[in-house]
Amino acid sequence: MSLWEYANPQKFMHLSRRVLPFVAGAAALCLIVGLVWGFFATPNDYKQGPTVKIIYLHVPAAMMAINAWVMMLVASLIWLIRRHHVSALTAKAAAPVGLVFTLIALATGALWGQPMWGTWWAWDPRLTSFLILALFYLGYIALWAAVDDPDTAADLTGILCIVGSVFALLSRYAVNFWNQGLHQGASLSLDKEENVSDVFWFPLLVCIAGFVLMFVALVLLRTRTEIRARRLAALIARERMG
Amino acid sequence: MIALLIRDVRLAVRAGGGFGLGLAFFLLVAVLVPLGVGPDGGTLARIAPGILWVGALLACLLSLDRLFALDYEDGSLDLLVTAPIPLEGVVAVKALAHWMVTGLPLTLVAPVLGVLLNLPAPGYFWLVVSLALGTPALSVIGAFGAALTVGLKRGGLLLSLLVLPLYVPTLIFGAEAVKRGAEGMATGTPLALLAAITAGAAALLPFAAAAAIRINLR
């Protein structure tokens, strides 16, 4: 019994069919509890007023936008090294989800920035690196869509994902060159003295858990769709042959 | 490999287009920006480093799609893959040839265009140095993008989309070096980082590009 057994599409489909409802249900539960708690049961910040509540969407989306790319990187490496098709398909399935999370982070940030900073957009290091991350997602998805042969597409996007990760990291630190910018520093670190207050922290944790579960559920669902599409293509090809 | 270099440079210069196009584009940017922004010297001096770097980057981008596409279409890329020299070396040589017909001329004409954009006097030296250090990275990264899209029918737009985010660090450090030089500040840090990107890209990306070509020709 090892993890690699689920590289078999049959076993993956079998397991994911049973797991998916629970993951999706848990995601919905966490998001409902976290968002309702966050929006209606926490006090306003004394400086930011009610706008502080966008944190419950903005922070989890931004975290998952980065984590989704890391997950794609791991899946691409597994595909390139061990040639498990399910792995390549999960990377493909995760990309649009990651892109949407990136866009959510950018949009909620703009909505919050307008009343707080007086501007929708600033060329701040964090904002800029998220824009670049969105470009990386777009390029990755476009490359998947442009190549016809699925194995060639998986190989090429895998290489792009590895090279892109290096350059995304480089860009993240290159934009730091300008200045610290408008965006506040990290306030959720585990090792720091002063963090965000517990009143906001607990509902935020629930929201983060909800976003993680939602990501897993969406990736499972999309991977199942990809596997079915692959089977359908194989069936059609067999039909033509016979 | 030297024969390949000479062949590529000769093809680019003689076939017309590749060689002149980038330079003409660079010139156009430098002429059009003052017309659009207005002739105020102070404004131009402030944006000149950025405009010159963006112009060089876009001019480089223009000729990327012919880097492997022409060889792919007439089949000589298949011959190069099966040739006794390593494909990684072929990619590096082709990137070098691309740099010699785009990056190098761009670096040499940049000071002239700096005059048009009212670049402050101390900036010229750093403009040439930063372009000389940075444009090889543009060519190598571009070669990687071209290798990814070589098998595609309409790869041009996709190539730009793939390569553009990869160009970001080079652009930031390059323009920053010129800006600091023009203001008389120390340029060591951005120049060192720029050189590091070029060295790292030249050392590692040919392997990624060669892998992509092998996949595309499979």
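**Entry 1: chain A, overall**

I began with the fold of chain A, which reads α-α-α-α-α-α along the sequence. I note here that this is a predicted model. Chain A has 6 helices and 0 strands. I took the extent of the C-alpha trace next: along its principal axes chain A spans about 70 × 40 × 30 Å. Of its 242 residues, 38% count as buried. I then looked at contacts in chain A between residues at least 6 apart in sequence. Of these, 78% join residues at least 24 apart.

**Entry 2: annotated spans in chain A**

I checked the UniProt record, an unreviewed entry, for chain A. Under "transmembrane region" it lists residues 20–42, 54–81, 93–112, 127–147, 159–179 and 199–221. I looked up two of these spans in the model. Residues 54–81 of chain A are 96% helix and 0% strand, and their end C-alpha atoms lie 41 Å apart. Residues 127–147 of chain A are 95% helix and 0% strand, with 31 Å between the end C-alpha atoms.

**Entry 3: two residues of chain A**

I picked A:Gly25, which sits in helix 1 (residues 9–40) of chain A. Is A:Gly25 buried or exposed? It has 12 C-beta neighbours inside 10 Å, so A:Gly25 counts as exposed. I also took its distance to A:Met214. The two are 189 residues apart along the chain, yet their C-alpha atoms are separated by 9.1 Å.

Then I turned to A:Arg83. Its phi is positive, about 55°, although A:Arg83 is not a glycine. A:Arg83 lies in the loop between helix 2 (55–82) and helix 3 (85–117) of chain A. I count A:Arg83 as partly exposed, because it has 13 C-beta neighbours inside 10 Å.

**Entry 4: annotated spans in chain B**

I repeated the UniProt lookup for chain B; this entry is unreviewed too. For "transmembrane region" it gives residues 12–37, 43–64, 96–117, 123–150, 157–178 and 190–213. Residues 157–178 of chain B come out as 100% helix and 0% strand, with the end C-alpha atoms 29 Å apart. Residues 190–213 of chain B are also 100% helix and 0% strand. Their end C-alpha atoms lie 32 Å apart.

**Entry 5: two residues of chain B**

I looked for a positive phi in chain B and noted B:Asn118. Its phi is near 60°, in a residue other than glycine. B:Asn118 is in the loop between helix 7 and helix 8 of chain B. With 17 other C-beta atoms within 10 Å, B:Asn118 is partly exposed.

B:Leu108 lies in helix 7 (residues 103–116) of chain B. B:Leu108 counts as partly exposed because it has 13 C-beta neighbours inside 10 Å. I took one distance from it. The C-alpha atoms of B:Leu108 and B:Leu11 are 97 residues apart along the chain and 21 Å apart in space.

**Entry 6: the side of chain B that touches chain A**

I moved to the interface. 20 residues of chain B are in contact with 21 residues of chain A. Which helices of chain B each supply at least two residues of its side? They are helix 8 (123–148), helix 9 (156–182) and helix 10 (188–217). Helix 9 of chain B gives the largest share, 11 residues. By class, this side of chain B has 17 nonpolar, 1 polar and 2 charged residues.

**Entry 7: one helix pair across the interface**

I looked at helix 5 (residues 150–174) of chain A against helix 10 of chain B. They pack at an angle of about 170°, with axes 9 Å apart. The two helices are therefore roughly antiparallel, the cut-off being over 145 degrees. From helix 5 of chain A, the contact uses A:Thr152, A:Asp155, A:Leu156, A:Ile159 and A:Val163. From helix 10 of chain B, it uses B:Ala208, B:Ala211, B:Ala212, B:Ile215 and B:Asn216. I sorted the residues of this contact by class: 7 nonpolar, 2 polar and 1 charged.

**Entry 8: the largest nonpolar core**

I finished with the core. The largest nonpolar core has 141 residues. Which residues touch the most other members? They are B:Ala56, B:Ile141, B:Phe144, B:Ala147, B:Ala209 and B:Ala212. Helix 9 of chain B gives the most to this core, with 15 residues.

I followed up B:Ile141, leaving aside its neighbours within four places in sequence. B:Ile141 is in contact with B:Val163, B:Leu166, B:Tyr167, B:Ala201 and B:Leu205.

Methods:
Residues numbered from 1 in each chain as written. Chains lettered and ligands numbered in written order. Predicted model: local features only at pLDDT ≥ 70, side-chain atom pairs only at ≥ 80, totals over all residues. UniProt positions renumbered as here; feature names shortened; annotations may be inferred. Helix = DSSP H or I, 4+ residues; strand = E, 2+ residues; numbered from the N terminus. Contact = placed C-beta atoms within 7 Å. Nonpolar A, V, L, I, M, F, W, Y, C, P; charged D, E, K, R; others polar. Buried ≥ 20, exposed ≤ 12 C-beta atoms within 10 Å, placed from the backbone. Core = buried A, V, L, I, M, F, W, Y, C linked by C-beta atoms within 7 Å. Axes fitted to C-alpha atoms, helices over the stretch in contact; angles between N-to-C directions. Parallel < 35°, antiparallel > 145°, perpendicular 65-115°, else oblique.
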